[in-house]
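Reader: I would like to learn how to read a model like this one, feature by feature. Could you give me the general idea each time and then the case at hand?

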Amino acid sequence: MKNYILALDQGTTSSRAILFDHEGRIGGCAAQEFPQHFPRPGWVEHDADDIWTSQLAVARQVLREANVRPAQVRAIGIANQRETTVLWERATGCPVGPAIVWQDRRTADQCDAMRAAGKAALIRDRTGLELDAYFSATKLAWLLDHVPDARERAGRGELCFGTVDSWLVFNLCGAHVTDVSNASRTMLFNIHLMRWDADLLALFDIPEAVLPEVVSSSAEIGATHADLFGSPIPVAGIAGDQQAATFGQACHVPGMVKNTYGTGCFMLMHAGARPAVSHERLLSTVGWRLHSSDDMRPCYLLEGSVFMGGATVQWLRDGLGIIRQSGDVEALAASVPDSGGVMLVPAFVGLGAPHWDQYARGTIVGLTRGSTAAHIARAAVEAIAYQSAELLAAMQRDAAQPVLEVRADGGAARNDLLMQFQADLLGVPVVRPRVTETTALGAAYLAGLAVHFWSSMEEIAAQWQCERRFEPAMPEDRRAALLARWGRAVERSRGWEVD
């Protein structure tokens, strides 16, 4: 009887469930989109029940369609959209407000006030993060202030806060936990001492009773309720999606870099056993901690975040209607030789690293009467690559050694036009693995290590295989000219809401 690890990959726009066998091959996959809500400009919400019901539905679907019994599933691993904030009743498991999504900017003013009060350095020193509405702390504070009686109930231990991993684990097996990687994205966690920080809790006025227990990324946490799948299945792996993708890409050695092309784009470099100090406004974050490690020390990563990656293509589909499906963008963009001078800066929810401009907004420049939908589509695809090129340039300046290649994954990594343009802009090869579902694969590996489905990280790394290598082919003067033009376009998008 063949055994599997079930990976739950809970993303910003869809929930996925993928079965992986011992060779790291996909044994079945199911996916389901769920709605985002935009009640006001800059606000982005989910219904937390939609997250759970869609994730449970695809988990059941993949087992049914692959004809896999619960007894064949050795463990469940979870990878999740990070920073998205959920608040629910401990007794009933019912959400008490909307899930505030990582893209949400409603607390930008609060971040500005705290920055003016001189709090940014403390937050950066303790958490490795920039003071920004992107992270969970101000989102949680907003919920506690705006949901009736929430702050009092939270102080009494009646409410639970969690990022999406916590919300899923609570529904799967009743435990209120988060792993070290997700905890490090809340702006409440001391990444040096590896615990919730009392000074930060006081700064954001967060009662400790609402917080989850912090556990290792690879460890048996509990078993699913028997009625969910017919019999209990161990939950043994948790990581934020980008940390999971880094692990799944076998970036286990300092200096290795991966870039995930999902709703956003997230470039991470393995930084070793100590937090990295960035002079380029990149983030220092916890990658993972293996419960089997003798000294239980975590791995740290250096990260740059692009808020609008594949979501830019979704905007072409849903907002402009110039493509019917996201996969259509490559053919439309390739129908013209270049963007015709059009630059699209997709700062719909501000700009992430290295700019950290909460008030930047989406901008299209360079339009002429000859500009077409194809030129805008090409500019949208190229914008994903331009933003990632900024991240690698910053990372190269921070790092003590040159980056030799970038391992690519995520849905948009299947776009050959994008991957070649990305390699051209980066000036280093972009390598696409045979399994591009590396976020789910990383969650599976973490769970599988905990239950000895895989014996070691070396065994896991040996499974990684290249599917295609994109070599840079653009002349250096052309690359420099394009990046300079991009820089001018970015400047035109910045500080829009302040005016």
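Author: Let us begin with a helix packed on strands: helix α6 (residues 164–173) lies across β1 (4–10), β5 (73–80), β13 and β14, and α6 runs at about 150° to β5. Helices (H or I, at least four residues) and strands (E, at least two) are DSSP runs, numbered from the N terminus; contact means heavy atoms within 4.5 Å; axes are lines fitted to C-alpha atoms, for helices over the stretch in contact, with angles from 0 to 180 degrees between N-to-C directions. This is a predicted model, in which local features need pLDDT of at least 70, side-chain atom pairs count only at pLDDT 80 or more, and totals for chains, interfaces and linings use all residues. Residues are numbered from 1 along each chain as its sequence is written, and side-chain values use heavy atoms, with hydrogens and water left out.

Reader: What is the order of the strands in the open sheet of six strands?

Author: Two strands pair if DSSP finds at least two bridges between them, and the order here reads β3-β2-β1-β5-β14-β13, with mixed pairing. At the edges are β3 (26–33) and β13 (218–223), each of which pairs on one side only, while neighbouring strands are turned by 25° against each other on average, direction ignored. The edge strand β13 runs antiparallel to β14 (residues 234–240), joined to it by three bridges; in one case, Gly222 has Val235 in β14 as its bridge partner.

Reader: Which strands are the edge strands of the open sheet of seven strands?

Author: The order of that sheet is β17-β18-β16-β15-β21-β22-β23, again with mixed pairing, and its edges are β17 (283–288) and β23 (466–470), each pairing on one side only. The twist averages 30° from one strand to the next. Within this sheet β15 (residues 257–261) and β21 (residues 406–409) run parallel and share three bridges, with Ala408 in β21 as the bridge partner of Asn259. Helix α13 (residues 373–398) lies across β15, β16 (265–272), β18 (299–306) and β21, at about 140° to β18.

Reader: How does one look for empty space, and what is the volume of the largest cavity?

Author: Rolling a probe the size of a water molecule over the atoms shows where empty space is left. On a 1 Å grid over the protein atoms alone, a cavity is a set of points where a 1.4 Å probe fits but cannot get out, a pocket is an open set with protein on both sides within 12 Å along at least five of seven lines, and lining residues have an atom within 4 Å of a point. Points are joined across faces, edges and corners, and a volume is the space filled by probe spheres set on them. The structure holds one cavity of 30 Å³ or more, and the largest cavity has a volume of about 40 Å³. Its lining includes Ser305, Val306, Gln387 and Glu390, and β18 and α13 each supply at least two lining residues. The largest pocket has a volume of about 1,000 Å³.

Reader: Which residues does the cis peptide bond join?

Author: Most residues other than glycine have a negative phi, and most peptide bonds are trans. The cis bond joins Ala353 and Pro354, with omega about -5°, and Pro354 is in the loop between β19 (343–345) and β20 (363–365); Ala353 is also one of the residues lining the largest cavity. Glu83, in the loop between β5 and β6 (86–89), has a positive phi near 70°.
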